[in-house]
Amino acid sequence: MNIGTRKILDRSFTAVGIGSIITMALALMVVVVPISWNGVGAVFFTGTVEHRKMLYAEFNRGDSQDLSSEVASSERYRSKVYELLSTFEAELETMAPDKKMEYTSKYSQVKIALQALLGPPPGDTAPMLTRFKYGQTRWEKAEERLHELLYESKWDNSNPEIMGKEYFVSRAVAFEGTSLAALFPYVKYNIEKMLLPEFTFYWGFITDSSVDSHFFGGIWPEIKGTFFLALGAMLFAFPLGVIAAVYFTEYAKPGFLNSTLRSANSTLAGVPSIVFGMFGLAFFINTLKVSESKSVIAGSLTLAIMILPTIIRAAEEAILSVPKTYREASLSLGSTKWNTIPTVILPAALPGILTGGVISLGRAAGETAPIIFTAAVSVGSAIGLADVFSSPTPALSWNIYNLASEHEAAAQIRHVQYGMVLALLTIVLLLNLSAIVLRARISKKLKG
Amino acid sequence: MAEEMGKESNRSNAFVVSARKRAFQKATKTAGEGVLFAIASFVAVMVLFIFYFVARDAIPFFQIRGFTEFFTSSNWYPADEPGEFGALAIIYGSLMVTLGSAVIAVPMGVAAAICLSDILPFSVRQYAKPVIEMLAAIPSVAFGFFALVVLAPLMQNSGGPMLMWAWWILVSPFLLLASIVGSDLLTASIKDEKRRQQLYVLFLILFGLIAVVLLFKVGSVLNSIQIITGTNALNVAIILSFMALPTIVSVSEDALQAVGRDIREGSYALGATRAETIIKTILPAASSGILAAVILGIMRALGETMVVWMASGNSSHIPEPWFNYLEAIRTLTATIAGDMGEADQVTGSARFHVLFAMGLLLLIISFISNLVSERIVVRQRKILSGQ
């Protein structure tokens, strides 16, 4: 090969390496950016008057006078809609039977779409589920519903070779010649006056409980549950992990026993997370019976075993990085080894140990699989400290799965799901960021 | 040395401390060390417990149904009466996504590790490392949510064009490089410089044309692919590869760093370029460590639950044809997570125990691969320190 080709190969080799690092950074961005962008939308969004009604009725928040004047002004525009509906209903009675049949089914679709947009019509007895008590609380959802009201969606399956294509038919055309035809342009041009959208900062998303399985309200029970689970796991795993690390670094003598213990540590680190969940179910709940069924304590214990190897490794590294001179100085002053460890070595290693602890805390907060069978429920209220031994809890990680995959109206509450993922990501990434900063400060200090 | 100093101080205290007290001190010291040992061996006890408790609930399944059905049939109807428990398709699904993620993650991860250890200057490396750590820190459920809500609809709606662009971006630089190197190698033996250059340009144009035709032909084939469902093996494999990358990068970077400076400098002194040094000397020396990294990364993908549960489609059949990554599949971990809720209510049934059998399978695979990777790392360290 000539020199030029060798140079090109060398350069392109470098490019591949740098390219893969850039790809990793891009992957991080591609995952984090849409989640952050949409997640922020759970807190900052354009809310309608329905949102403020909901806040006042469910959480008793907001000014009742402002609200009633807003409601009154929106009712003024809405009354025309209901007038049009009743006129059309009267007209429907006078129609020929076959036409009546045709229009009745179309009309019921219109009514359903209208109810989804504006909430139940006046005089309707209050619906059972909270989700049907209000119209669209978010403006972008209201716009989607408006489109559903104005256009009927149909599928074109004429060509069996390709997948069916969706197309829209204007409902105004379908009702041409009846009194209802006036409804569609009216709603289209007066929708803002009927819903009064305005910029909303819904801080309650973090601190409210959910209403009607996350259709409205916030994610406080999940945040609290995650907090309890992760802290509980740390409570068990951190002391155990640090003590084990002290044994491994200060007392263990090389040999079969020691290498077996170390192998056990790396084996535990490699166990798939779902197996921890099975073990938690079989051991803590079915055998030890720490609780009747799922509970926070069982989940915390399971998570604790999962994060133990990480804590041990980090603590070991931190203890090993304490300069030998510290140890020797302490021993030369007549202190015993037993005394030196808690007074000299552990304080010097503390920042490093904490770094490992913080990272493990983030890992415990983000894990889902171990808590599925041991601690998590889909719907529940925020639990108190007294309940940790007896009751399961909703948790961010589990509820993200549950809302995205198993919720009956998953597509309608995407904003809640994004908000939850963002909350979890923020918790985990902040913990990791603080660990990175902490470590940077330690390495600076060690350099002098 | 510390031990000796401790003995020294004990001896000097002998004048003031009574024999009884000394005995007491010794006893407390032994007891204290005993407690420390007990706590340190807690991890080992837990590993034994995990094996025992998973196996305890897994063995009844094999007693009831035997091994053949589980490993050779792909009829998975656990809820039927009597149920069918053929897990072949599920095991195959697990292997499929794991292999797919390895194909993406291993070259990328090793390249990134080489870049971090040998190419980038220290100042840049400082900023690249946190990126990798952040990627490792993102909870699996967040990745799963991304796969389900962002990537799956994208694949379903514009999967063909996406595949085409991926093909172009990934393959065109390599084809270009291959044609340059190929024409160089083919003309290397020609002595006459002028003739050599003429032939070189001729070959370059020829290879370039072939490359362009290949790019567009395959590209248009890919472009016309219609992806039926966005929740498929490819989606999961892509996401899992990002989850396996941090492990692969950090472990193989350690392995590369363990290769001494003298080896690198020896190679440079012989006139090798950086790429040649890395490929011909450093990579072979670090190969066992990189193998360990690959094993650990693959295990991460095999044991991952949330992403596959949310985004693999959970359909228990072997794709047609067997390498079709665009079909929905089902994995071991997702089956355990998804079926335990219902199976738990009928504790003692084969339906409950089959999930533990799957867990045991995962556990055994992870145990073996961990042992292997550990042995490899230890051996590499020995060899390198012995040189």
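Helix α5 (residues 139–150) and helix α7 (residues 183–195) of chain A have axes that come within 10 Å and cross at roughly 160 degrees. That crossing makes α5(A) roughly antiparallel to α7(A), since angles over 145 degrees count as roughly antiparallel, those under 35 as roughly parallel, 65 to 115 as roughly perpendicular and the rest as oblique. Axes here are lines fitted to C-alpha atoms, for helices over the stretch in contact, with angles running from 0 to 180 degrees between N-to-C directions. Helices (H or I, at least four residues) and strands (E, at least two) are DSSP runs, numbered from the N terminus.

A word on the model: it is predicted, so local features need pLDDT of at least 70 and side-chain atom pairs count only at pLDDT 80 or more, while totals for chains, interfaces and linings use all residues. Residues are numbered from 1 along each chain as its sequence is written, and chains are lettered from A and ligands numbered from 1 in the order in which they are written.

Back to the helix pair. On the α5(A) side, A:A142, A:L146, A:L149 and A:L150 meet A:F184, A:V187, A:K188, A:I191 and A:L195 of α7(A); two residues are in contact if their C-beta atoms, placed from the backbone, lie within 7 Å. By class, this contact of α5(A) with α7(A) has eight nonpolar, no polar and one charged residues. Ala, Val, Leu, Ile, Met, Phe, Trp, Tyr, Cys and Pro count as nonpolar, Asp, Glu, Lys and Arg as charged, and the others, Gly among them, as polar.

Now for the place where the chains meet. The contact takes 78 residues from chain B and 79 residues from chain A. On the chain B side, helix α7 (residues 140–187) gives the most, with 15 residues. That side of chain B has 57 nonpolar, 14 polar and seven charged residues.

One helix pair spans the two chains: α11 (residues 273–285) of chain A packs with α3 (residues 42–65) of chain B at an angle of about 75 degrees, with axes 9 Å apart. This makes α11(A) roughly perpendicular to α3(B). A:V275, A:M278, A:F279, A:A282 and A:F283 of α11(A) make the contact with B:F49, B:I50, B:F53, B:V54 and B:D57 of α3(B). By class, the contact has nine nonpolar, no polar and one charged residues.

Helix α13 (residues 324–332) of chain A has A:R327, A:S330 and A:L331 as its buried residues. They lie on the same side of α13(A), because they cover an arc of only 95 degrees around the axis. Turned away from that buried side, the other face carries the exposed residues A:T325 and A:S332. A residue is buried with 20 or more other C-beta atoms within 10 Å of its own, exposed with 12 or fewer, and partly exposed in between, with C-beta atoms placed from the backbone. The arc is that of the directions from the helix axis to the C-beta atoms.

Finally, some backbone details. Most residues other than glycine have a negative phi, and most peptide bonds are trans.

| Residue or bond | Backbone value | Place |
|---|---|---|
| A:D212 | phi about 55 degrees | loop between β5 (210–211) and β6 (216–217) of chain A |
| A:S213 | phi near 40 degrees | loop between β5 and β6 of chain A |
| A:G334 | phi about 95 degrees | just after α13(A) |
| B:E320 to B:P321 | cis, omega near -15 degrees | B:P321 in the loop between α12 (306–311) and α13 (332–343) of chain B |

A:D212 is partly exposed, with 14 other C-beta atoms within 10 Å, and A:S213 is partly exposed with 19.
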